Amino acid sequence: MRNLALDYFKIFLSVLVVCIHLPFYVDVESEFLYTGYWLFSNGLARIAVPLFLIINGYFINFSSRKEFRNFFFRILVLYFFWMAIYFPFYFDSVSENVSYLLIIILFGYHHLWYLPALLLGASMLFLLNKYFSHKSVLIISILFFFTGVVFQSMYNFYIPTSRVFLFRNFLFFGFPFITIGHLIKVKYIDFSFLANCKAFLVIALAFLLLLFESYLSLLYGLGNDLHLALFVICPFIFTVISRLVIIGQRGFLSVLPNGIYFTHVLFILLYGEFFPFASNIQLFPVIMISSVIFTYFLSLINKRVKYIL
């Protein structure tokens with residue numbers, strides 16, 4: 001038996017990731033709608049990846065070398081499998097540029113940056129846990145996150161577009177949120193007292209801050225990956241969701257979030273090539289349905305060939 005509440009929540013988060021990569025604001029002329037869709041895709045939906053990292057940090061066993069080694073191997077295989085799947089889409093970019101090939105391998109193609117961020121961020125926490133206290137690790141993670149925010153604020157002024165990996169990586173993004181998840185697990189950070197009506201007030205205020213940061217990014221062309229509000233709101237949301245209980249059998253739902261995350265960009269690229277005049281709003285349901293169907297077949301393969309979902 002399995003608590004399906006987190007599976008349902010991760011499906012919701014994976015849909016938010018699709019909304020980030022397939023923004024509706026590019027299809028509208030109304031300034032009001034453009035702003036609204038921007039605040040959703042580059043504001044509210046940005047809770048998805050930090051929450052995925054927090055969830056992983058919560059469930060990774062950092063106290064067992066053997067279990068962590070198994071986790072490391074699984075993510076590594078998963079990463080190279082999906083990098084191979086997407087290879088045709090970045091082949092032209094790296095065929096004559098060895099340095100860019102190294103960047104792609106180290107930091108991942110497109111949305112696959114999440115996997116090296118998870119892998120290396122978790123490895124960093126695994127090593128730091130051996131030599132530092134929980135308090136020290138928390139302080140280090142906060143310092144790295146705020147450093148990443150500063151780097152991002154410099155993005156449009158000093159850093160070329162292709163250098164987003166300088167702040168959206170394991171050090172400034174992956175490690176801090178994985179650390180939060182782990183420290184919640186070991187009860188060093190305890191938000192359980194907020195898992196009631198007070199939590200919703202805190203989350204509401206944090207959402208307002210997130211919308212404000214997103215609006216500033218719209219006005220001044222700032223980055224959208226590292227919002228200060230995420231470091232406040234995501235742990236609260238996870239605490240509330242983790243207290244929900246929906247008992248059921250482990251099955252397709254448990255792999256569906258990963259499937260949507262890994263496959264949706266494939267369909268965005270393919271449908272964008274074959275249906276260039278289709279709007280993102282029109283493509284969204286088609287891409288979601290395609291990702292779910294494709295994930296179902298991948299789940300059947302995954303039962304025999306592990307580590308593809």
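Here are a few friendly notes on this predicted model, taken point by point.

1. Let me start with the charged pair. The structure holds one salt bridge, and it joins Asp225 to Arg46, with 3.3 Å between the closest N and O atoms. The two partners sit 179 residues apart, so to speak at distant parts of the chain: Asp225 belongs to the loop between α11 (197-220) and α12 (230-242), while Arg46 belongs to the loop between α2 (31-41) and α3 (48-59).

2. Is this pair buried or exposed? Asp225 has a relative accessibility of 14% and therefore counts as buried, the cut-off being under 20%. Arg46 also comes out at 14%, so Arg46 counts as buried by that cut-off. When you look at the salt bridge in the viewer, then, please look at two loops and at two buried side chains.

3. Next, the nonpolar interior. The largest nonpolar core has 79 residues, and Leu13 and Ile47 are the members that touch the most others. Helix α7 (residues 114-131) supplies the largest share of this core, with 10 residues. In general, nonpolar side chains of soluble globular proteins tend to be buried together.

4. Which residues does Leu13 touch, once those up to four places away in sequence are set aside? They are Ile47, Ala48, Leu51, Phe52 and Ile55. Ile47 is thus a contact of Leu13 as well as its companion at the head of the core's list of touching members.

5. Do not overlook the other core, which lies apart from the largest one and has 14 residues. Among them are Leu22, Ile260, Phe267 and Leu283.

6. On the outside, I would point you to a nonpolar surface patch of about 490 Å². Its residues are Ile289, Ile293, Tyr296, Phe297 and Leu300. Tyr296 is found in helix α14 (residues 280-302). With a relative accessible area of 41%, Tyr296 is partly exposed, because this value falls between the 20% and 50% cut-offs.

7. Finally, a look at Asn302, which also has its place in helix α14. Asn302 has a relative accessible area of 13% and is buried, so its description differs from the partly exposed Tyr296 of that helix. Which backbone atom lies 3.2 Å from a polar atom of the Asn302 side chain? The backbone nitrogen of Ile308 does. Beyond its neighbours within four places in sequence, Asn302 is in contact with Tyr307, Ile308 and Leu309. Ile308 therefore appears both in this contact list and in the 3.2 Å pair with the Asn302 side chain.

Definitions and conventions: Residues are numbered from 1 along each chain as its sequence is written. This is a predicted model: local features need pLDDT of at least 70, side-chain atom pairs count only at pLDDT 80 or more; totals for chains, interfaces and linings use all residues. Side-chain values use heavy atoms; hydrogens and water are left out. A salt bridge is a side-chain nitrogen of Lys or Arg within 4 Å of a carboxyl oxygen of Asp or Glu. Helices (H or I, at least four residues) and strands (E, at least two) are DSSP runs, numbered from the N terminus. Buried means under 20% relative accessible area, exposed over 50%, partly exposed in between (1.4 Å probe, protein chains only). A nonpolar core is a set of buried Ala, Val, Leu, Ile, Met, Phe, Trp, Tyr and Cys residues joined through side-chain atoms within 4.5 Å. Contact means heavy atoms within 4.5 Å. Patches are made of residues with over 30% relative accessible area and no salt bridge: like charges are joined within 9 Å, nonpolar side chains (Val, Leu, Ile, Met, Phe, Trp, Tyr) within 5 Å. Accessible areas come from the Shrake-Rupley method with a 1.4 Å probe; for residues, only the protein chains shown count as cover. A polar contact is a pair of N or O atoms within 3.5 Å; within protein, one must be able to donate a hydrogen and the other to accept it, and residues adjacent in sequence count only if both atoms are side-chain atoms.
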